[in-house]
Amino acid sequence: MSDNAPFPLPLQSLSAALSGLVAGVARSVVAIHSHRSRSSGFVWRPGLIVTADEALAEEGEIAVTLPGGDRIAASLVGRDPATDIALLRVEAAGLEPAVLDAAAVEPGALALAVGSQEGSPVAALGLVSLAGPPWRSLRGGEISARIELSLTLRRQAEGGLALDAAGRGFGMAVFGPRRRVLVIPTATIERVAATLEAHGRIPRGYLGLGLQAVRLEGAGLGAMVMSVDPKGPGAAAGLLQGDIVVAWDGRPVESIPMLLRALGSESVGSTVTLSLQRAGKPVQARLTIGERPQP
């Protein structure tokens, strides 16, 4: 076969199929512009767009570039840093919601990540490198499955759709630690986005304590109380600055992130037993978890 010969038919078919998938989903993918930040999002429901919270500026105006290049203003409905999901509202007719599927994906399966850059689709092809059980983010967000992709994602494509080989959207592509590409699965998006649409926020647990990890005498770790919100749950439970939390409902404290992961939305209103060291003596306190105040 000469160097100028066409690709074998199977590769042509695969290439055409992938291009068709990208073209089909591109009608639902948009570019997001916020202060000094460029990312992607997708139409979740008419007039509502899901995007990656981490890629969205903390303040300032937000604009969306639609497929084809028209730019319109967007307003923030709500955001949840714990699951990396933000919901935007736009006033535009005819936007086509993305088709999302909650079916499980398998390691080794082909995966496409599709975002938008100034209204034009950008795509990356790779594999599902990990498909694991539910997990909690470092901020306490409940993610319905641990999915990682082996592909190179442009910064502007963060917040775009992750597709399987059948063109089904199985979640949102985001960056994890060391720019590892993670997927926020469809089930998590549906749950969180629906709550944001209804209430504008996701409740999170609040202790009203500033904590710092310390090493205990002998062995183990604890969380020293560095500050106490005088109106917070910790103050109501009688905790004092200098107390060291050594166990949470009988479970030894392993790290500050461990405590943060225990403060998910379902924790609000529940009561826990804290085992403390106070001036070298063991003390117990019953603390009712509050709801984190809105900034």
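Reader: Hi! Which residues in α2 are buried?

Author: T186, T188, I189, V192, A193 and L196 are the buried ones in α2. Buried means under 20% relative accessible area, exposed over 50%, and partly exposed in between, with a 1.4 Å probe and protein chains only. One caution: this is a predicted model, where local features need pLDDT of at least 70, side-chain atom pairs count only at pLDDT 80 or more, and totals for chains, interfaces and linings use all residues. Residues are numbered from 1 along each chain as its sequence is written, and side-chain values use heavy atoms, with hydrogens and water left out.

Reader: OK, and where do α2's buried residues fall, seen down the axis?

Author: They fall within an arc of 145°, so they line one face of the helix. The arc is that of the directions from the helix axis to the C-beta atoms. On the other side of α2, A198 and H199 are exposed.

Reader: What span should α2 have, at 1.5 Å a residue?

Author: Its 14 residues should span 20 Å, and the end C-alpha atoms are 20 Å apart, which agrees. The expected span is 1.5 Å times one less than the number of residues. Helices (H or I, at least four residues) and strands (E, at least two) are DSSP runs, numbered from the N terminus.

Reader: What follows α2?

Author: G200, and its phi is positive, near 80°.

Reader: Switching to strands: in what order do β1 to β6 close into a barrel?

Author: The order is β1-β2-β3-β6-β5-β4, with antiparallel pairing. Two strands pair if DSSP finds at least two bridges between them. From one strand to the next, the twist averages 40°. Helix α2 (residues 186-199) packs on this sheet, touching β2, β3, β5 and β6, at about 90° to the direction of β2. Contact means heavy atoms within 4.5 Å. Axes are lines fitted to C-alpha atoms, for helices over the stretch in contact, and angles run from 0 to 180 degrees between N-to-C directions.

Reader: How many bridges join β1 to β4?

Author: Three, between residues 29-34 and residues 62-65. A31 stands opposite T65 in β4 there.

Reader: And which strands make up the closed barrel that starts its order with β7?

Author: That one has six strands, β7-β8-β11-β14-β13-β12, and its pairing is antiparallel. β13 and β14 pair over five bridges, and M172 stands opposite I184 in β14. α2 touches β13 and β14 as well, at about 55° to the direction of β14.

Reader: Which strands does α1 lie across?

Author: Helix α1 (residues 9-25) lies across β7, β8 and β12, running at about 45° to β7.
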